[in-house]
Structures are given as structure tokens and as C-alpha cells.
Amino acid sequence: MAENDTQAEELEPEVTEIEGAEPDFDTFAGIVTDGLIGMVGGMVGTAAMSVGLFIAAALGVFEFQAFAILADLSGIAVLFPGNALAIGYLIFLAGGMITWPLLFASIGRYLPGDTFALQGLPFGFVLWTGFVLAFVEGVPGDTFSLALYAVLTLIAHFAYGFTLGAVFDYLSDRPDTLV
């Protein structure tokens, strides 16, 4: 039996630690860096999505006044009553820069796709399912306008997810174990 114990000890690989070789994601600086990457990705994604929303607004199937509802719901419109639309868009931007990138960083690796950019497409679709219902305010009720609204906002959300993921791909050396 003692002979087996010595053989087991011989089979275990020797682990040597290299000083300074710790992965960056376990340090405070790594966490802050990941957060900044998410914010940059969210800002770029929200800018790409805003372009799609501007196109929809130009075609008359989206009203930016729907963002004022966000300001009303949050209660901030009481503090700045003349700028409810701007405050609502800033709330929308904050969600696109903070909330959704954090969610994407935590679940992105479980989404289909080989890269973060491709994984952003189904993520954008999931976000669209709530947006399309919440921001339908002011869209004309005819079938063509509603269909055009749905398609253009879906494309805008695909643009958000793809660009968010593309920034994650470009700016990060993310380990596979990041959660």
C-alpha cells in the first residue's frame, strides 16, 4: 500500500507559480477595467441603436417623446420639468451603458455564437421584446406602420447587441471563466 502512495505522489504534476502571472480579472483593477469596457461598449451600442431609432422617427414610426415617459416614471421629471425628454434619454443611455452591458458580461458566454459580437445578436433580440412593447407610444395604428416600427426597432437592437459585443471582443482579453 505504501508503494502505491509513492507512485501517486510521483504522478501528480508539479505546479510552479510565476510571480506576476496572476490573471488581471481577479484584481480590483481588472474589475474596473471590465466595467469600463462594458460602459464603452454600451455607449457605442446605444449610439448605433439611436441611429436606427432616428431613422424610424424620420419615417414617422417612432416618437422620441416616449423617452419622456422614463423621466416621468422615475420621478426626475419633477425636478427638471422642461427637459423630460432629455432626462428620459439620459436614463435610457444609462441603462444601455450600465445595466445591459453588465447583464451581457454575465450571460454572454451562454448565448449562441463564437464571438461576443455574434452573441450580442440574440441578446439584442431579447432586449427588443421589451422595448417594442414599452415604446410603441405614438406609433400610428395602421398595420404597415406597426410592422415598420417592429422591424426598424429590431434592426436597431441587433445593432446594439452586435456593437456591444464587438467592443467586448476588441477591447478585452477576457478569460473563459469570467462570470
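This tour moves through a predicted model from the whole chain to its helix packing, then to three buried side chains and a patch on the surface.

**The whole chain**

Begin with the entire chain in cartoon view, where six helices and zero strands are to be found, so that, read from the N terminus, the elements follow the order α-α-α-α-α-α. Switching to a surface view, one is looking at about 11000 Å² of exposed area, of which carbon and sulfur atoms supply 67%. Of the 179 residues in the chain, 33% are buried. When contacts with a separation of 6 or more are considered, 64% of them join residues 24 or more positions apart.

**Helix H3 against helix H4**

Select next helix H3 (residues 66–74) together with H4, whose axes come within 6 Å of each other and cross at roughly 85°. Because angles of 65 to 115 degrees count as roughly perpendicular, H3 is described as roughly perpendicular to H4. To see the contact itself, show the side chains of Phe67, Ala68, Leu70, Ala71 and Ser74 on H3, and on the H4 side those of Ala84, Leu85, Ile87, Gly88, Tyr89, Ile91 and Phe92.

**Helix H4 against helix H6**

Keep H4 selected and add helix H6 (residues 143–171); here the axes lie 11 Å apart, and the packing angle is about 70°. This pair, too, is classed as roughly perpendicular. The H4 residues that make the contact are Gly96, Trp100, Pro101, Phe104 and Ala105, and they meet Tyr160, Leu164, Gly165 and Phe168 of H6.

**Leu164, within H6**

From that contact, centre the view on Leu164, which lies in helix H6. Is Leu164 buried or exposed? Its relative accessible area is 0%, and since buried means under 20%, Leu164 counts as buried. Neighbours within four places in sequence aside, Leu164 is in contact with Gly38, Gly41, Gly42 and Gly45, as well as with Pro101, Phe104 and Phe123. A distance label drawn from the C-alpha atom of Leu164 to that of Met97 should read 9.5 Å, although the two residues are 67 apart along the chain.

**Leu53 and Phe131**

Move now to Leu53, whose place is in helix H2 and which is buried at 0% relative accessibility. Which residues surround Leu53, once its neighbours within four places in sequence are left aside? Its contacts are Phe62, Phe64, Phe67, Phe92, Phe131, Thr153 and Ala156; among these, Phe67 and Phe92 have already appeared in the contact between H3 and H4. The C-alpha atoms of Leu53 and Leu152 are separated by 7.4 Å, with their positions 99 residues apart along the chain.

One of the contacts of Leu53 is Phe131, which belongs to helix H5 (residues 116–134) and should be selected next. With a relative accessible area of 4%, Phe131 is buried. Its contacts, with the same exclusion of neighbours within four places in sequence, are Leu53, Phe62, Phe92, Tyr149, Thr153 and His157. Phe62, Phe92 and Thr153 thus appear in the list for Phe131 and also in the list for Leu53. A C-alpha distance of 9.2 Å separates Phe131 from Leu154, 23 residues away along the chain.

**A nonpolar patch on the surface**

Finally, return to the surface view and select Phe28, Val32, Leu36, Met39, Ile98 and Leu102, which form a nonpolar patch with about 590 Å² of accessible area together. Which helices each supply at least two residues of the patch? They are H2 (28–58) and H4 (84–107), with the largest share, four residues, coming from H2. End on Leu36, which has its place in helix H2 and a relative accessible area of 49%; because exposed means over 50% and buried under 20%, Leu36 is described as partly exposed.

Key:
Residues numbered from 1 in each chain as written. Predicted model: local features only at pLDDT ≥ 70, side-chain atom pairs only at ≥ 80, totals over all residues. Heavy atoms only, no water. Patch = residues over 30% accessible without salt bridge, like charges linked within 9 Å, V, L, I, M, F, W, Y side chains within 5 Å. Areas by Shrake-Rupley, 256 points an atom, 1.4 Å probe, with all protein chains shown as cover. Salt bridge = Lys/Arg side-chain N within 4 Å of Asp/Glu carboxyl O. Buried < 20%, exposed > 50% of the residue type's maximum accessible area, 1.4 Å probe, protein only. Axes fitted to C-alpha atoms, helices over the stretch in contact; angles between N-to-C directions. Parallel < 35°, antiparallel > 145°, perpendicular 65-115°, else oblique. Contact = heavy atoms within 4.5 Å.
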